[in-house]
Amino acid sequence: MPVPEDITVDASVLDRLFDVVTSRRGTDPSISHSARLLSRGTGKIAQKFGEEAVECLIEAVAGRQHELVGESADVLYHLIVLWVDAGVTPAQVWAELDRREGTSGIAEKASRPGSKR
Ligand SMILES: N=c1c2ncn([C@@H]3O[C@H](COP(=O)(O)OP(=O)(O)OP(=O)(O)O)[C@@H](O)[C@H]3O)c2ncn1[C@@H]1O[C@H](COP(=O)(O)O)[C@@H](O)[C@H]1O
């Protein structure tokens with residue numbers, strides 16, 4: 001499912017989503033899904049994230065690209081709820097990705113103590 005050419009979107013939507021979910025903390029669970037999920041605790045939030053991740057990989061394995069896009073959005077939303085619950089900010093994750101940028105996963109694994117390469 002290609003992004004329509006007249007729509008400009010980028011990953012800043014994740015920062016905005018994080019702010020919205022953070023603002024939902026402690027609000028009325030009957031009008032906010034995020035508030036409802038956050039009120040149910042870490043175990044339920046983690047379970048929902050796991051379920052969404054499984055649904056995502058099912059679509060990937062089945063080769064259903066359109067459904068994979070939707071499930072990927074679900075995974076990212078539920079990951080953000082997980083971060084809000086855990087007190088992790090997107091900036092921390094972006095910084096970790098930035099730190100890793102340019103380091104091959106193969107080279108990083110080989111550099112671990114005890115690696116047999
Ligand atoms: N991106 C999402 C998003 N993705 C998925 N969902 C909701 O996640 C829910 C998943 O449904 P499920 O039946 O799997 O889960 P469940 O209702 O917890 O059911 P159980 O597993 O507990 O039985 C649905 O209600 C979806 O609408 C989302 N809800 C909200 N957002 C974003 O979060 C913002 C704030 O939403 P509220 O907190 O609801 O105001 C919204 O403006 C959106 O930008």
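In the predicted model, an oxygen atom of the ligand lies 2.9 Å from an N or O atom in the side chain of R24. A second arginine is placed in a comparable manner, for an N or O atom in the side chain of R40 is found 2.8 Å from an oxygen atom of the ligand. With H33, by contrast, the backbone is involved, and a polar backbone atom of this residue is 2.7 Å from an oxygen atom of the ligand. The ligand is surrounded by 14 residues in total, and the closest of these are S32, H33, S34, R40 and K48.

The packing of the helices was examined next, beginning with helix α1, which spans residues 12–24, and helix α4, which spans residues 65–86. The axes of these two helices come within 10 Å and cross at roughly 55 degrees. An angle between 35 and 65 degrees falls outside the ranges for roughly parallel and roughly perpendicular pairs, and α1 and α4 are therefore oblique to each other. The crossing in which α1 passes α4 is right-handed. On the side of α1 the contact is formed by L14, L17, F18, V21 and T22, while α4 contributes L76, Y77, I80, V81, W83 and V84. When these residues are sorted by class, the contact of α1 with α4 holds ten nonpolar residues and one polar residue, with no charged residues.

Helix α4 also packs against helix α3, which covers residues 42–62, and here the axes are 8 Å apart and the angle is about 160 degrees. Since angles over 145 degrees count as roughly antiparallel, α3 and α4 are therefore described as roughly antiparallel to each other. In this pair α3 passes α4 in a left-handed crossing. The contact draws on T42, I45, A46, K48, F49, E52, A53, E55, C56, E59 and A60 of α3, and these meet E67, L68, E71, S72, D74, V75, H78, L79, V81, L82 and D85 of α4. Divided by class, the residues of the contact of α3 with α4 comprise eleven nonpolar, three polar and eight charged. K48 thus appears in two settings, as a residue of α3 in the contact with α4 and as one of the closest residues to the ligand.

Notes. Residues are numbered from 1 along each chain as its sequence is written. This is a predicted model: local features need pLDDT of at least 70, side-chain atom pairs count only at pLDDT 80 or more; totals for chains, interfaces and linings use all residues. Side-chain values use heavy atoms; hydrogens and water are left out. Axes are lines fitted to C-alpha atoms, for helices over the stretch in contact, and angles run from 0 to 180 degrees between N-to-C directions. Helices (H or I, at least four residues) and strands (E, at least two) are DSSP runs, numbered from the N terminus. Angles under 35 degrees count as roughly parallel, over 145 as roughly antiparallel, 65 to 115 as roughly perpendicular and the rest as oblique. A crossing is left-handed if the near helix is turned anticlockwise from the far one by less than a right angle, and right-handed if clockwise. Contact means heavy atoms within 4.5 Å. Ala, Val, Leu, Ile, Met, Phe, Trp, Tyr, Cys and Pro count as nonpolar, Asp, Glu, Lys and Arg as charged, and the others, Gly among them, as polar. A residue is near a molecule or strand if one of its heavy atoms lies within 4 Å of it. A polar contact is a pair of N or O atoms within 3.5 Å; within protein, one must be able to donate a hydrogen and the other to accept it, and residues adjacent in sequence count only if both atoms are side-chain atoms.
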